[in-house]
Amino acid sequence: MSNDQKHKTVGVSFPPDLRQRASERARGLGLSFSKYVTLCVEAEVGGKPPQLVMENLLPAGAPPLNLEAAVEEGSDYGAMKAASIGFEDDVEDILKQEDICYSRFAQVAHLRTDFMLQHVEPSTGKTLRIALECKYNVRNRATVTLGQCIILKSLPGVDAVMLCVPYLKHFDTHLRDTFDQQGIPVVTPDTLSLALDSFLSLSSPQLV
């Protein structure tokens, strides 16, 4: 047996009552006291703490909820959600003005997109489908939106993806560059119509 495999004796101090209980437990399991202690240590180190360790480490009870903070957070979330829906309504008004065929909250495989635009190419008769995502709060979890857009673009039946935000001033420049590198244009309401015209008038590989 190598030195690494040899058991080494380590002095451990136990309160008398705990030592007695542990010894009785070890005998009841048909183990020596040292083997019982070794198994308990191995369980804890392996990520499976024995019950005795868990009882001493876990808090006695969950802390009380802070109702005032919950109401404040709920109010902030509600206001942001209302603003986000209002922004989507504004985008929908633009689509209506441009007389673009679209579906709101369209299902695409396992995802939903805010708008699915559909345009029939006169020369080919092919229907082009553009997923239009809207993000009102450009400072919050924009990378999640990037991931969703990339997934949408990879799904069958989606020819292109665009992201509409209320402004570009506070949208991280590096993140915008990443959207561009993925072939996902980032537009604002005042540039949306022009961007859609470019998508619908050009026969590019991303729309074929």
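Leucine 117 is buried, with a relative accessible area of 3%, and makes a convenient entry point into this predicted model. The residue belongs to strand S2. Setting aside neighbours within four places in sequence, the contacts of leucine 117 are Leu95, Ile100, Cys101, Tyr102, Leu128, Arg129, Ile130, Leu132 and Leu196. Arginine 104, a residue that returns below, has its C-alpha atom 8.8 Å from that of leucine 117, with the two positions 13 residues apart along the chain.

Stepping back to the whole chain, the secondary structure consists of seven helices and five strands. Their order along the sequence is α-α-α-α-β-β-β-α-β-α-β-α. Buried residues make up 28% of the 208 in the chain. Among contacts with a separation of 6 or more, 49% join residues that are 24 or more positions apart. The exposed surface of the chain comes to about 14100 Å², of which carbon and sulfur atoms supply 54%.

Strand S2, which spans residues 111–120, also holds aspartate 114. Aspartate 114 is a curious case, being buried yet without a salt bridge. The nearest side chain of opposite charge is that of arginine 104, at 6.9 Å. As a salt bridge requires a nitrogen and a carboxyl oxygen within 4 Å, that distance does not qualify aspartate 114 for a pairing with arginine 104. What the side chain of aspartate 114 does have is a polar atom 2.7 Å from the backbone nitrogen of cysteine 134. Beyond four places in sequence, aspartate 114 touches Glu88, Ser103, Arg104, Phe105, Leu132, Glu133 and Cys134.

Attention then turns to the charged pairs. Side chains of opposite charge can pair when their charged atoms come close. The model contains four salt bridges. In one of them, arginine 104 meets glutamate 88, with 3.2 Å between the closest N and O atoms. Arginine 104 lies in strand S1 and glutamate 88 in helix H4 (residues 67–97), so this pair ties together parts that are 16 residues apart in sequence. Glutamate 88 counts as buried because its relative accessibility is 8%. Arginine 104 also forms a salt bridge with glutamate 92, at 2.6 Å from N to O. This pair again links strand S1, through arginine 104, with helix H4, through glutamate 92, the two residues being 12 apart. Glutamate 92 has a relative accessibility of 15% and is therefore classed as buried.

A further salt bridge joins lysine 126 and aspartate 159, whose closest N and O atoms are 4.0 Å apart. Lysine 126 sits in the loop between S2 and S3, while aspartate 159 sits in the loop between H5 and strand S4 (160–164), so the pair ties together parts that are 33 residues apart in sequence. The two partners differ in exposure: lysine 126 is partly exposed at 34% relative accessible area, whereas aspartate 159 is buried at 14%. Elsewhere, salt bridges with shared partners bring Glu88, Asp89, Glu92 and Arg104 into one network.

The cysteines offer a contrast, with a count of zero disulfides. Cysteine 149 is in no disulfide, and the nearest cysteine sulfur, belonging to cysteine 134, is 10.0 Å away. With disulfides counted only for sulfur atoms within 2.5 Å, that spacing leaves cysteine 149 unpaired. Cysteine 149 is buried, at 0% relative accessibility. Cysteine 101, one of the contacts of leucine 117, counts as partly exposed, at 48% relative accessibility.

Two residues deserve a brief look for their backbone geometry. Phenylalanine 105, a residue other than glycine, has a positive phi, near 55°. Phenylalanine 105 lies in strand S1 (residues 101–108) and is partly exposed, with a relative accessible area of 42%. This residue was met above as one of those touching aspartate 114. Arginine 141, likewise not a glycine, has a positive phi near 50°. Arginine 141 is located in the loop between strand S3 (127–134) and helix H5 (142–154). Its relative accessible area of 57% places arginine 141 among the exposed residues.

Technical notes
Residues numbered from 1 in each chain as written. Predicted model: local features only at pLDDT ≥ 70, side-chain atom pairs only at ≥ 80, totals over all residues. Heavy atoms only, no water. Helix = DSSP H or I, 4+ residues; strand = E, 2+ residues; numbered from the N terminus. Buried < 20%, exposed > 50% of the residue type's maximum accessible area, 1.4 Å probe, protein only. Contact = heavy atoms within 4.5 Å. Areas by Shrake-Rupley, 256 points an atom, 1.4 Å probe, with all protein chains shown as cover. Lys, Arg positive; Asp, Glu negative; His and termini not counted. Polar contact = N/O pair within 3.5 Å; in protein donor to acceptor, adjacent residues only side chain to side chain.
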